[in-house]
Amino acid sequence: MAEAELQQLLQEDQNKSDGSGSSSGGGRLTLLCTLLWERRYLLLVVAGAFCNALRCLFSKVVTSSLDPVLISFTERAMMMLCTVPAILYHRHSLKVPPIIFALVGITGILSAVQMMLVMVSYKYLFVADASAIVSCNPALIGFFGWIFLSEKLTYIDICACVFAIVGIMTLSRPTQLFNGLILQDHSLLYGFLAASGGAVSVSIGALFRRILCLKKVEVQVSIFYTNLISSTICAATCTILGVWEYPTSHVTQGLLIGSGVLGYVGNLLMMIALWWESVYHVSLIGTSSTAMTYMLQFIALAVVPDVYSLVGAGCVSLGVIFITLRKKKDEENVDENETESIIGSTTNK
């Protein structure tokens, strides 16, 4: 009798869901809201990717007047300061175990190295080209996650990664990387090497961020310590290189503050998503920032995209869609397994 009642309830839920899907306005809106809620963590990654794309644009504009290392220090310091109100409001304790502090310290060092390398690449490459190289990190992150965190990779994950990387390289092809200029101009080679080093640093740093999330470290505390250590390293580098300079332009000051705030918001959204999503999926969907960077670059800097850029953006979008479909399939499998488990336990009783 209990099993029959459970099956009846499941059937009623299915009928309600079918009815709401086939009804007018209100039912469709409810269905859309439900779908968005189920994908809320992936949507956080997309929102974080947009913040990072806009931050990259701001950073590119100010590299013409300020040293990249100084920009890195300013952004990291702003990101650290943005965490203070939330830490005070929620009364988070800054006292963490030594192992957690070691993990945060390593993440901060990698963050500083990655930021300085990326800023150097912005000085020599188009911002979208540098972002494209850095965004090829999902392949490394997927491999590291599989080796060190035992995260599973399916054929859908691999196909999504292939589409994303092919799209990213297609986006970059028409400008500086594959048209022979990189062999003629050594400054482009420096930018390429700096961006490649940034990609490796991002991959390893993402792995440590995922470990921090798995250990349930408060997101604001993690961001605070990471950027404290990172900004300290950048400040020391600025002192050694003698590149301290106060920006006199109000536009430059506003762009620096804006890039720091955007970096904080993007980092916060990514860290929240890492509490529930694998580091591979977060990094792969984060590659959508490259397509967004090209769009913003076209709007703000008048860099016109061509057919390669459009095809590349489409490939990156397909990679994101593959991951979304894979999440849907996983959730359906989990629901089926939970239903079978409930029915089995009810029958046994």
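What follows is a conversation between a biologist and a modeller about a predicted model of a protein chain.

Biologist: Let's begin with the overall picture. How many helices and strands does the protein chain have?

Modeller: The protein chain has 15 helices and zero strands. Of its 349 residues, 47% are buried. If you take contacts between residues at least 6 apart in sequence, 89% of them join residues at least 24 apart.

Biologist: Thanks! Now to the rings. How many aromatic pairs does the structure hold?

Modeller: The structure holds three aromatic pairs. F73 and W244 make a good starting point, with ring centres 5.2 Å apart and planes at 85°.

Biologist: Why is the pair of F73 and W244 called edge-to-face?

Modeller: Two values are needed, because a pair of aromatic rings is described by the distance of the centres and the angle of the planes. Centres must lie within 6.5 Å for a pair, and planes over 60 degrees apart count as edge-to-face. With 5.2 Å and 85°, F73 and W244 satisfy both conditions, so the pair is edge-to-face.

Biologist: What makes this a pair that links distant parts of the chain?

Modeller: F73 sits in helix α4 (residues 68-90), while W244 lies in the loop between α11 (219-241) and α12 (250-274). The two residues are 171 residues apart.

Biologist: And how do you know whether F73 and W244 are buried, exposed or partly exposed?

Modeller: Buried means under 20% relative accessible area and exposed means over 50%. F73 has 22%, so F73 is partly exposed. W244 has 45%, and therefore W244 also counts as partly exposed.

Biologist: What about F224 and Y225?

Modeller: That aromatic pair is edge-to-face too, with 5.4 Å centre to centre and 70° between the planes. Set against the cut-off of 60 degrees, the angle of 70° gives that label. F224 and Y225 are both buried. Ring pairs also bring in F101, which forms a cluster with F224 and Y225.

Biologist: Let's move on to helix packing. Why is α4 called roughly antiparallel to α11?

Modeller: The axes of α4 and α11 cross at roughly 150° and come within 8 Å. Angles over 145 degrees count as roughly antiparallel, so α4 is roughly antiparallel to α11. The crossing in which α4 passes α11 is left-handed.

Biologist: Which residues meet there?

Modeller: From α4 they include V69, F73, M80 and I87, and from α11 they include I223, F224, L228 and L241. By class, this contact of α4 with α11 has 16 nonpolar, seven polar and one charged residues.

Biologist: What makes α4 and α5 oblique to each other?

Modeller: α4 and helix α5 (residues 98-124) pack at about 135°, with axes 8 Å apart. Roughly antiparallel needs over 145 degrees, and roughly perpendicular runs from 65 to 115. An angle of about 135° falls outside both ranges, so α4 and α5 are oblique. Here α4 passes α5 in a right-handed crossing.

Biologist: Which residues make that contact, and how do they divide?

Modeller: P68, V69, I71, S72, E75 and R76 in α4 meet S111, Q114, M115, M116, M119, V120 and K123 in α5. The residues divide into seven nonpolar, three polar and three charged.

Biologist: How do you know that α3 is oblique to α5 as well?

Modeller: Helix α3 (residues 40-62) and α5 pack at about 60°, and their axes are 9 Å apart. Roughly parallel needs under 35 degrees and roughly perpendicular starts at 65, so about 60° makes α3 oblique to α5. α3 passes α5 in a right-handed crossing. R55, C56, S59 and K60 of α3 make the contact with M115, M119 and Y122 of α5. Among these residues, four are nonpolar, one is polar and two are charged.

Biologist: One last topic, the loops. What is the phi of R91, and where is the residue placed?

Modeller: R91 has a positive phi of about 55° although it is not a glycine. R91 lies in the loop between α4 and α5.

Biologist: Why is R91 called exposed?

Modeller: The relative accessible area of R91 is 76%, and exposed means over 50%, so R91 is exposed.

Biologist: And what makes K216 exposed?

Modeller: K216 has 52% relative accessibility, which is over the cut-off of 50%, so K216 counts as exposed. K216 is in the loop between α10 (186-214) and α11. Its phi is positive, about 60°, although K216 is not a glycine.

Technical notes:
Residues numbered from 1 in each chain as written. Predicted model: local features only at pLDDT ≥ 70, side-chain atom pairs only at ≥ 80, totals over all residues. Heavy atoms only, no water. Phe/Tyr/Trp six-rings, centres within 6.5 Å; stacked < 30°, edge-to-face > 60°. Helix = DSSP H or I, 4+ residues; strand = E, 2+ residues; numbered from the N terminus. Buried < 20%, exposed > 50% of the residue type's maximum accessible area, 1.4 Å probe, protein only. Axes fitted to C-alpha atoms, helices over the stretch in contact; angles between N-to-C directions. Left-handed = near helix turned anticlockwise from the far one by under 90°. Contact = heavy atoms within 4.5 Å. Nonpolar A, V, L, I, M, F, W, Y, C, P; charged D, E, K, R; others polar.
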